[in-house]
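Good morning, colleagues. I would like to take a few minutes to go through the model now on the screen, beginning with its aromatic side chains and ending with its internal cavities.

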Amino acid sequence: MALKTSIIHCLLDAEPDAFHPADPSLKTLAVNLGFECLTDIPRSATIGTDEAAQQKQDELDADETAARDLFSQFAKAAQQVQFHLYQANVDVPATCSLNYLGKITRQISDIKAPNSAEDITTWLDKAAPPETRHYWTSPDAGIAAGMPVDLDRPVEATTAPATYRLRAAHAWNAPVAHRLWLTHILRLEGIADGGSYVVLPFFAGTVPPPTLAGTLQGAQWDFPYDAGGGLGKTACRTQVLEAPAAFTAVPQDINGFLTTDGYLKVDPEAESLWRLTQWFEARAATLMAPTMALAGPGAGAGSDEDADYETLFQWHYGDKGKPPLLNVPAPAAAWLTAASLGAALDTVIVGLMKPVSGNNTMGDVLAPFLLNLFARYQDNLAGTFALPEDSFDLAKLTGLLRNTLSLHNPLMRTTADMADAGVRRAFCDSLKRVHGLQPTGPETSLEIQLLNLLLASFVSGTALSFDEKLRQSVNGNGQAILRLALADAEHRLQDEAGAETAIIRLFETTEKTEDGGKTTIGLPALFAGAYAEAVGRSGDTALLNAVAAAFAEAWRFYRILLDGPFNGAEAVRRDAASEFTKALFGFVEQYKKAGIPTVQQLIAVTSGADYFAQRLLRPPADPKVPEPFTSCFHGIADSLVRVPFPGTWPDRITPVTPAQLLPFFRASYRASLAPIAQLSTVSSRFIPDHAPAPLPIQIAANIDGGTIDAFCNHFNGIAVAIRRIDTETRTDPWAHASLAELTWPVPPKAISGHEEPEPTVPAAVHPMLPTTSDGRGPMFIQ
């Protein structure tokens with residue numbers, strides 16, 4: 001069966017004026033060429049061993065051979081491409097008529113690399129997957145054919161067809177695509193504001209037709225014509241350019257990113273900013289742990305602050321002749337116990353939920369599990385249940401998992417009413433399971449017995465009687481024993497085994513009970529139900545069972561990984577620290593003040609955030625505080641369950657208010673963050689480096705991956721070259737921080753009577769492409 005009409009993809013983007021010689025009469029565009037061959041034979045028709053399937057496979061094989069020849073012909077034709085300008089009329093909906101204006105004479109093209117066309121075809125040949133049904137061809141109702149081209153849609157690198165591999169060349173380091181004549185620069189004249197224009201490619205001196213008509217394909221248009229070059233009749237898929245919007249020099253989403261002459265803006269404090277960022281992120285998971293504040297100022301060291309703090313936790317036993325009672329005033333030991341055990345899990349929960357980054361970021365903790373689950377959707381579920389690819393992308397699966405955790409895990413259910421005794425009971429039961437607090441029995445340690453009793457007191461909201469033997473053991477040492485018990489619980493989460501156990505138990509405590517507690521629905525089934533509902537197939541029992549089975553298998557894989565080389569504690573630390581760092585930089589960017597150095601703003605915001613008090617008590621805003629720094633980490637605090645402060649008090653106990661705790665929490669936070677102020681102080685103690693420190697060059701305003709992703713959508717790389725200027729004549733060659741000397745490529749001298757040699761490259765600085773990792777962008781080159 002013959003191929004359908006092939007498509008030449010012609011994608012155009014506005015170039016910043018600063019990148020080219022100033023000329024107000026010219027508009028500058030970058031143009032990238034691609035190619036696609038269509039077949040009407042779907043993959044499904046070739047599956048099977050019957051005669052019909054074999055016939056379709058034979059037809060597809062013939063189309064693949066023909067398509068491969070057309071790709072080769074396109075690569076040759078592209079070496080002689082010229083571009084022509086048309087006036088576009090789109091007054092009639094879904095139609096576009098073109099009138100020829102003329103050849104674009106200012107076409108800036110690089111010097112062609114030798115054997116460019118052969119190199120393109122050879123590269124595409126080598127990149128073909130070993131087993132694929134469509135590589136050179138695209139299904140007529142698939143990939144990009146006949147549908148809007150979604151350049152942001154992810155494509156598997158191992159199975160990418162030729163049309164996408166060729167398009168990927170546009171993102172290579174310059175000047176590769178330019179030398180292959182797939183990328184060009186066009187400078188257009190006569191562009192009038194309010195007009196609409198189309199640029200079309202032609203090969204081998206083909207005469208452009210005076211008029212053309214196009215059909216709408218999503219946000220682009222298809223224009224059928226004979227472009228020449230031996231390709232036959234093709235359709236060029238391109239966009240209609242509306243002036244002046246389509247010719248805007250710098251897109252709005254990266255305004256402020258570049259200087260007027262096209263260079264990235266950098267901060268003169270780059271070195272200090274890098275040092276502060278490194279210091280804070282390396283310590284954020286520990287610095288921002290509220291368990292430090294709950295432990296008390298001196299953590300039992302006998303200081304005056306300790307004594308003042310402990311008076312807020314009076315222990316009062318019943319009068320003589322009455323049942324012994326443990327009465328807990330504000331802030332009651334029961335509140336302290338529930339709040340401390342809950343806050344000890346903060347870093348794990350922040351790492352799992354990523355409240356600042358959002359669902360486009362999996363994080364180090366969840367990534368192995370979600371990637372495995374995604375692969376199971378792709379390999380086992382998509383075809384069987386006809387699931388469209390956008391119904392199980394990673395962001396969707398990530399959001400569904402996090403939403404399921406927040407709905408059904410008491411330790412993450414921030415919307416639950418903690419004033420309800422049932423909610424408190426579920427919260428405390430989950431705390432016991434995650435922390436491994438076994439039920440009180442003959443062999444239970446004194447510390448665990450006390451924690452169990454205090455959690456029961458928190459659930460009931462009243463003072464509870466406790467065993468005479470336990471009372472005698474505790475009598476006079478209540479605070480000390482409680483502090484030791486809470487410290488042990490928190491320390492168990494710090495090593496690799498403890499963190500990984502907490503991750504597992506958090507997943508396993510995510511469940512729903514029905515029929516009065518007789519039926520327990522686990523996380524796999526809950527996730528399957530949420531997914532089926534999200535795709536509108538709640539009644540599909542087969543899909544529900546298959547998703548639950550895939551989830552259970554991915555969980556089994558994850559458990560094995562946790563038992564192996566995966567370091568859960570390090571993943572938790574990185575994820576939590578990243579969230580605090582992103583929250584800090586996002587807040588400072590929002591409240592940036594002119595004239596104040598960025599480093600000083602970061603220090604002021606971090607020191608004034610009052611996170612411990614905000615996380616544990618959320619006091620009302622102080623109108624006397626001129627800067628709203630206390631809201632810096634509210635996004636993180638609001639993603640965590642807050643244990644309500646007691647509002648009722650036993651008889652004969654002096655009530656205590658949250659305001660009496662605030663000075664201790666704020667002092668603890670200030671002490672934790674105090675070293676940050678020394679990072680930019682000139683009089684700070686000088687400590688020599690053990691090895692030469694990196695030279696940080698700031699290439700971005702912050703660490704937000706979204707900003708630099710927007711940059712990368714319009715510019716395919718950042719090149720960095722460094723020249724030494726510390727010599728008298730400043731004539732040293734260009735240098736790099738990690739190289740003793742850098743020599744630009746220079747052609748060697750020709751020897752008389754011999755063929756001229758090829759240029760050599762003894763050393764080079766390659767363009768550094770911005771990258772994103774976990775929603776992060778590189779802020780510095782080191």
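**Aromatic rings and cavities**

Arg 424 lies over the face of Phe 458, 6.0 Å from the ring centre. Please bear in mind that this is a predicted model. A second charge of this kind belongs to Lys 112, whose charged end sits over the ring of Trp 181 at 4.4 Å from its centre.

Let me turn to rings that face other rings. The count comes to 25 aromatic pairs. One of them joins Tyr 86 and Tyr 100 in an edge-to-face arrangement, with 5.2 Å between centres and 65° between the planes. Tyr 86 belongs to strand E3 and Tyr 100 to strand E4, 14 residues apart. Are these two residues buried or exposed? Tyr 86 counts as buried because its relative accessibility is 0%, whereas Tyr 100, at 30%, is partly exposed.

For Tyr 611 and Phe 633, the ring centres are 5.9 Å apart and the planes stand at 85°, so this pair is edge-to-face. Tyr 611 is in helix H21, and Phe 633 is in the loop between H21 and helix H22. Both Tyr 611 and Phe 633 are buried. There is also an aromatic cluster, whose members include Phe 369, Trp 555 and Tyr 558.

Finally, the cavities. The search finds 4 cavities of 30 Å³ or more, and the largest has a volume of about 110 Å³. Its lining consists of 16 residues, with Gly 342, Ala 343, Arg 615, Val 641 and Val 643 nearest the centre. Helix H8 gives the largest share of that lining, 4 residues. By class, the lining has 12 nonpolar, 1 polar and 3 charged residues.

Methods:
Residues are numbered from 1 along each chain as its sequence is written. This is a predicted model: local features need pLDDT of at least 70, side-chain atom pairs count only at pLDDT 80 or more; totals for chains, interfaces and linings use all residues. Side-chain values use heavy atoms; hydrogens and water are left out. On a 1 Å grid over the protein atoms alone, a cavity is a set of points where a 1.4 Å probe fits but cannot get out, and a pocket is an open set with protein on both sides within 12 Å along at least five of seven lines; lining residues have an atom within 4 Å of a point. Grid points are joined across faces, edges and corners, and a volume is the space filled by probe spheres set on the points. Helices (H or I, at least four residues) and strands (E, at least two) are DSSP runs, numbered from the N terminus. Ala, Val, Leu, Ile, Met, Phe, Trp, Tyr, Cys and Pro count as nonpolar, Asp, Glu, Lys and Arg as charged, and the others, Gly among them, as polar. Rings of Phe, Tyr and Trp (its six-membered ring) pair if their centres lie within 6.5 Å; planes under 30 degrees apart count as stacked, over 60 as edge-to-face and the rest as tilted. Buried means under 20% relative accessible area, exposed over 50%, partly exposed in between (1.4 Å probe, protein chains only). A charge sits over a ring if NZ of Lys or CZ of Arg is within 6 Å of the ring centre and within 35 degrees of the ring normal.
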